[in-house]
Amino acid sequence: MESGGGRRVVVIGGGIAGSLLAKTIQFNADLTLIDPKEYLELTWANLRNMVEPSFADRSVINHRDYLTNGRIVTSAAINITDKEVLTADGRHIVYDYLVIATGHTDPVPVTKAERLHQYDAENQKIQSAQSILIVGGGPTGVELAGEIATDFPGKNVTLVHKGPRLLEFIGTKASDKSLGWLRSKKVEVKLEQAVDLNSTSDGSQVYRTSTGESIKADCHFLCVAKPLATTWLSETILKTNLDKNGRLMVDEHLRVKGRSNVFAIGDITDIPELKQGYLAHKHALVVAKNLKLLMDGGKESKMAKYEPSSSVIAMVSLGRKDAVAQFPFTTVSGRIPGLLKSGDLFVGRTRKLMGLQP
C-alpha cells in the first residue's frame, strides 16, 4: 500500500529504531523505508532462536506486517544528496526529511524464510556437536553460552574472552555473577586469551589460543561486536558529520548537527550512553514527535529533546529462567531478573509496541 499525502520522509534502516519510527509516523507522512532485508529482527532474541528455531517466527517480523501505509524499498542506501537517497538497485528517492537508522553491519539474508532456515542450520550445528567453542565474552557470547548450557546440558561448552572479565561494558559485580553462573553450569571460561580461528576450521577439531593452549571443539561461534553500518556515509554529504568512531554527531533533538531536516537514531549516534534496544526505541519516539511537529508547521523551539540515559541499566539473560541485572544502585542475579527478561526476551512486549499480536 502506498503512503498517503504529506511531506516525504525517508527512513534508512529497518532495525529496532528505524522500524518503530516508520510504524509511528506512517499515517502522518509520505513514508519510504529503505532496508536491505524484508524484515525487522529483534536481535536480542537471536541466541534463543539458535537453540529453539521456532522462537524466531515471532522475533523475525516482516516489515509489511507492521507497516501498512508506506513504501518498502528492499535495497541498501549507497549515497545521500541534499534532496535524495540513492539505493544499490538504482533508485533515486526524494525526501523532505531523512532519518538514518542503519545500526550495525550484519550480513543476513533478504527474506524471513531464508533467515528462519539459517536458524534451523545453526540449531543443527549445535545439536550435532558434542563440544562447542564460543569466542567473545560480551553479552552475545555470555547469553549464547547460557542458552546452550541450559538447553543442551550434556554439551562441553568453552568460552574464550580476550579481556580480563566478562561483560566489560557493565560493572564488575555483574561480570562476577555471570562468571559464577556459567561455571555452575559446567561452562569452561578462559579469560585474557584470544583464539586463532585460522588455526583450524569447523571439522578439524582443535583451536589454538594466544597462550598456546589447545581447545578441542566440533564447532565454534564468533560472538564479537559488529561494526557500525556507517562507512558508506563517509562518501556522502554527511562525511563531516561522523566522529572518529564512525558515529553520527547529533544535537539534543537527534538531528544530525548542522542539518535541519536529517535525523539519526539508534546505535549509530554519538550519544554517550549504552547502545541498547529500549534506548533505540526512545530515540525513535522522540524523532517521531519532532517530525510530526515540523510537518505540521510547528516551531523548532517546541521540538522534543532527548535526555541521554545517565544511569546504566543492563540485563543479560542466563538461560531461560535466570539473568543478571545491573541497576543504578544494585546488581542482582537469578530468577527475579530472569522473570523480567529471560522467559520471553521482551519479544511479546516489542511485538505489541509494533501493533502486532504478542
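# Salt bridges, cores and strands in a predicted model

Q: As what does R8 count, by its relative accessibility?
A: In this predicted model, the relative accessibility of R8 is 35%. Buried requires under 20%, and exposed requires over 50%. The value for R8 falls in between, so R8 counts as partly exposed.

Q: With which residue does R8 form a salt bridge?
A: R8 belongs to strand β1, residues 8-12. The partner sits 88 residues away, in the loop between β8 (92-94) and β9 (97-100). The closest N and O atoms are 3.2 Å apart, inside the 4 Å limit. The partner of R8 is D96.

Q: Is D96 buried or exposed?
A: The relative accessible area of D96 is 17%. The limit for buried is under 20%. Therefore D96 is buried.

Q: Which residues are joined into one network with D96 by salt bridges that share partners?
A: R8 forms a salt bridge with D96. Shared partners bring R7 into the network as well. Joined with D96 are R7 and R8.

Q: How many salt bridges does the structure hold?
A: One of them pairs K37 with D35, with closest N and O atoms 2.9 Å apart. Both K37 and D35 are buried. The count for the structure is 19.

Q: How many residues apart are E143 and K341, a pair that links distant parts of the chain?
A: Their side chains meet in a salt bridge at 3.0 Å, N to O. E143 is in helix α6 (residues 139-151), and K341 is in helix α9 (residues 335-341). Both residues are buried. Along the chain, their separation is 198 residues.

Q: Which element gives the most to the largest nonpolar core?
A: This core has 64 residues, and I12, L21, I100 and L291 have the most contacts inside it. At least two residues each come from β1, α1 (16-25), β2 (30-35), β6 (77-80), β9, β17 (262-264) and α8 (277-295). Nine residues come from the top contributor, α8.

Q: Which residues are in contact with L21, leaving aside its neighbours within four places in sequence?
A: L21 is one of the residues with the most contacts inside the largest nonpolar core. Contact here needs heavy atoms within 4.5 Å. The residues that meet this are V11, V99, I265, A284, V287, A288 and L291.

Q: How many residues are in the other core?
A: This core lies apart from the largest one. Its members include I148, V157, L159 and L182. Its size is 35 residues.

Q: Which residues are in contact with T32, leaving aside its neighbours within four places in sequence?
A: T32 lies in strand β2. With a relative accessible area of 5%, T32 is buried. Its contacts are V9, V10, V11, R71, V73 and I93.

Q: What distance separates the C-alpha atoms of H104 and A229?
A: H104 is in the loop between β9 and α5 (112-128). At 33% relative accessible area, H104 is partly exposed. Not counting residues up to four places away, H104 touches K226, P227, L228, A229 and D267. H104 and A229 are 125 residues apart along the chain, yet their C-alpha atoms are separated by 4.6 Å.

Q: Which are the edge strands of the open sheet β18-β19-β20?
A: Three strands form this sheet, and the pairing is antiparallel. Neighbouring strands are turned by 10° on average, direction ignored. An edge strand pairs on one side only. That applies to β18 (314-318) and β20 (331-334).

Q: Which residue in β20 is the bridge partner of Q326?
A: β19 (residues 322-326) pairs with β20 in the antiparallel sense. Four bridges make up this pairing. For Q326, the bridge partner in β20 is T331.

Q: What is the radius of gyration of the protein?
A: The protein comes to 10 helices and 20 strands. For 358 residues the globule rule gives 21 Å, and the protein is close to that value, so it is as compact as a globular protein of that length. The C-alpha trace spans about 60 × 45 × 40 Å along its principal axes. The radius of gyration is 21 Å.

Q: What share of contacts between residues at least 6 apart in sequence join residues at least 24 apart?
A: Of the 358 residues, 51% count as buried. E143 and K341 are one pair that links distant parts of the chain. Across the protein, the share of such contacts joining residues at least 24 apart is 61%.

Definitions and conventions
Residues are numbered from 1 along each chain as its sequence is written. This is a predicted model: local features need pLDDT of at least 70, side-chain atom pairs count only at pLDDT 80 or more; totals for chains, interfaces and linings use all residues. Side-chain values use heavy atoms; hydrogens and water are left out. Buried means under 20% relative accessible area, exposed over 50%, partly exposed in between (1.4 Å probe, protein chains only). A nonpolar core is a set of buried Ala, Val, Leu, Ile, Met, Phe, Trp, Tyr and Cys residues joined through side-chain atoms within 4.5 Å. Two strands pair if DSSP finds at least two bridges between them. Axes are lines fitted to C-alpha atoms, for helices over the stretch in contact, and angles run from 0 to 180 degrees between N-to-C directions. The radius of gyration is taken over C-alpha atoms; the globule rule is 2.2 Å times the number of residues to the power 0.38.
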